[in-house]
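Here are my notes on the ligand site, set out as numbered points. Please read them alongside the coordinates.

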Amino acid sequence: MDLNEAIASRRAVREYTAQAVDAPTIRGLIDAALQAPNAVNQQPWTFTIVRDQSLLDRISHDAKSHMLATLAAGPHSGHFRSLLNDPNFHIFYHAPVLILISAIAQGPWIVEDCSLAAENLMLAAYAAGLGTCWIGFAQGFLNTSDGKRLLGLPAAWVPVAPIIVGHPKGVPPPVSRKEPEIRWVG
Ligand SMILES: Cc1cc2nc3c(=O)[nH]c(=O)nc-3n(C[C@H](O)[C@H](O)[C@H](O)COP(=O)(O)O)c2cc1C
């Protein structure tokens, strides 16, 4: 697939079929993530793959409670609160796979490094006919000791990018972008 087409057409996918994503395909997405630019080539990322649906259900449940308990007031807090209070809302949308990119090392750019790896992974997934969505709702909980314990993550790791992956049920509608503010200096 043409790179510009992938960049322009990738969308967050929130509806998945029950079809599994096989291990070689997941490994291919990780290989794409590994090619991301990263500070001093430290490659601080680790990849935790979760396919156990009962574990994803448990994390969804606990992450919702954590978000409700810690949610700060803001422009989206009312919308978030009503979603999180809905017992039918599953933060992972019942996707067959969660790939959590966590930083293993300390450093000033670990979040940038893991985020760039995540974008590579999402674009590669799109080119392979798969859907993805970064699940920010999971981040706060996965960074707690309870969240790390559920996934067996060492305490020092920093979960950065929880990305769900699966076969999309359909094509998501276009999502608009604002006109950018661009300042040409000099
Ligand atoms: C850091 C981050 C956190 C996000 N968290 C969520 C989330 O918790 N749930 C969700 O449905 N989408 C989440 N998204 C997806 C965004 O809502 C989506 O990327 C945005 O609306 C733009 O749509 P597009 O990706 O289809 O272009 C997140 C995206 C990013 C980058």
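1. Start with the polar contacts, bearing in mind that this is a predicted model. A polar side-chain atom of Arg14 is placed 2.7 Å from an oxygen atom of the ligand. Arg177 also offers a polar side-chain atom, and the distance to a ligand oxygen atom is 2.7 Å. At Gly136 the backbone takes part: one of its N or O atoms lies 2.8 Å from a nitrogen atom of the ligand.

2. How much of the ligand does the protein bury? Taken alone, the ligand exposes 620 Å², and the protein buries 65% of that.

3. The residues surrounding the ligand are Arg10, Arg11, Ala12, Arg14, Tyr93, Cys133, Trp134, Ile135, Gly136, Phe137, Val175 and Arg177. By class, this shell holds 7 nonpolar, 1 polar and 4 charged residues.

4. Where does the ligand sit? It occupies the largest pocket, whose volume is about 250 Å³.

5. The lining of the largest pocket consists of Arg10, Arg11, Ala12, Arg14, Met122, Thr132, Cys133, Trp134, Pro172, Pro173, Val175 and Arg177. These lining residues divide into 7 nonpolar, 1 polar and 4 charged.

6. Which element gives the largest share of the pocket lining? That is strand 3 (residues 131–134), with 3 residues.

7. Two residues tie these points together. Arg14 and Arg177 line the largest pocket and belong to the shell around the ligand. Each also places a polar side-chain atom 2.7 Å from a ligand oxygen atom.

Note on methods
Residues are numbered from 1 along each chain as its sequence is written. This is a predicted model: local features need pLDDT of at least 70, side-chain atom pairs count only at pLDDT 80 or more; totals for chains, interfaces and linings use all residues. Side-chain values use heavy atoms; hydrogens and water are left out. A residue is near a molecule or strand if one of its heavy atoms lies within 4 Å of it. A polar contact is a pair of N or O atoms within 3.5 Å; within protein, one must be able to donate a hydrogen and the other to accept it, and residues adjacent in sequence count only if both atoms are side-chain atoms. Accessible areas come from the Shrake-Rupley method with a 1.4 Å probe; for residues, only the protein chains shown count as cover. On a 1 Å grid over the protein atoms alone, a cavity is a set of points where a 1.4 Å probe fits but cannot get out, and a pocket is an open set with protein on both sides within 12 Å along at least five of seven lines; lining residues have an atom within 4 Å of a point. A molecule sits in a cavity or pocket if more than half of its atoms lie within 2 Å of its grid points. Ala, Val, Leu, Ile, Met, Phe, Trp, Tyr, Cys and Pro count as nonpolar, Asp, Glu, Lys and Arg as charged, and the others, Gly among them, as polar. Grid points are joined across faces, edges and corners, and a volume is the space filled by probe spheres set on the points. Helices (H or I, at least four residues) and strands (E, at least two) are DSSP runs, numbered from the N terminus.
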